[in-house]
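Trainee: I should like to understand the terms applied to this model before I rely on them. Could you take me through them?

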Amino acid sequence: MDENVLLALGLTLMAGLATGIGSLMGFFTSTTNTKFLSLSLGFSAGVMIYVSMVEIFVKAKDALTGAIGIQAGNWATVGGFFGGMILIALIDKVIPKQSNPHEGKKVEEMDSPVQNQALLKMGTFTALAIAIHNFPEGIATFTSALQDPSLGVAIAIAIAIHNIPEGIAVAVPVYFATNNKKKAFGLSFLSGLSEPVGAILAYLVLMPFLNDIMFGVIFAAVAGIMVFISLDGLLPAAKKYDEGHTSIYGLISGMIVMAVSLLLFI
């Protein structure tokens, strides 16, 4: 197996398993550090928006225009970009609001000693929702890292940051419903595994057919998915936890870090 493939799979696994970090934070903190959460979510959004629009979209357009011509390539790039947005929007649409991982939650909001089936159901559905969301994110991280390892590292870190509060959203209600930390951590951990599963599927199914056209369409869709996640999930959550202008400082910082890394390393 190529070294780039192993690196891409490793980065995807790291990003997905960040949900486990979130579950551990949920167990060992009684209140949410809202300032840090707002800053980190804003930072992640900044990284994802900048890299999607400045790097991934451009690489998709270059691949498609080179393969099928300027006019058709530009149309295919735009179609892939908005197609990615529509895909993740449809996934969001079919998931109940209370289980949607794009709905921000605090540890203390779910801090109830009552053991009941409603909490358990909420945690289980949230785990399923996150697993569904992580699947296309896994494909995004894998294909990005495969094409450009430095770019893949940046995307994996950004997705890992945004997976941490998702881990909290799964683990805390399950823990308070069952009083079982192992079960809560296990469910949160498993929800993150769909990300490397998405990467493995991309490797097995897409790799044999990967050419400039398919690469361009996938990359354009990845850009759309990441922008949608940032605008629909990360930024609203960052603003919810905001203190002063923390979220926008995080957003700008993420863009600056991504811009500098693109200039220096990519």
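Mentor: The discussion below covers burial, the nonpolar core and the annotated spans. This is a predicted model, in which local features need pLDDT of at least 70, side-chain atom pairs count only at pLDDT 80 or more, and totals for chains, interfaces and linings use all residues. Residues are numbered from 1 along each chain as its sequence is written, and side-chain values use heavy atoms, with hydrogens and water left out.

Trainee: Why is Ser230 called buried?

Mentor: Buried means under 20% relative accessible area, exposed over 50%, and partly exposed in between (1.4 Å probe, protein chains only). Ser230 has 0% relative accessibility and therefore counts as buried. Ser230 belongs to helix 9; helices (H or I, at least four residues) and strands (E, at least two) are DSSP runs, numbered from the N terminus.

Trainee: Which residues is Ser230 in contact with, leaving aside its neighbours within four places in sequence?

Mentor: With contact meaning heavy atoms within 4.5 Å, they are Ala45, Met48, Ile49, Leu235 and Pro236.

Trainee: What makes a set of residues a nonpolar core?

Mentor: Its members are buried Ala, Val, Leu, Ile, Met, Phe, Trp, Tyr and Cys residues joined through side-chain atoms within 4.5 Å. The largest here has 52 residues, with Ile56 and Phe142 having the most contacts inside it. Helix 9 gives the most to this core, 14 residues.

Trainee: How is the span 36-58 described?

Mentor: The unreviewed UniProt entry lists residues 36-58 under "transmembrane region", though such annotations may be inferred rather than shown by experiment. In the model, residues 36-58 are 100% helix and 0% strand, with end C-alpha atoms 32 Å apart.
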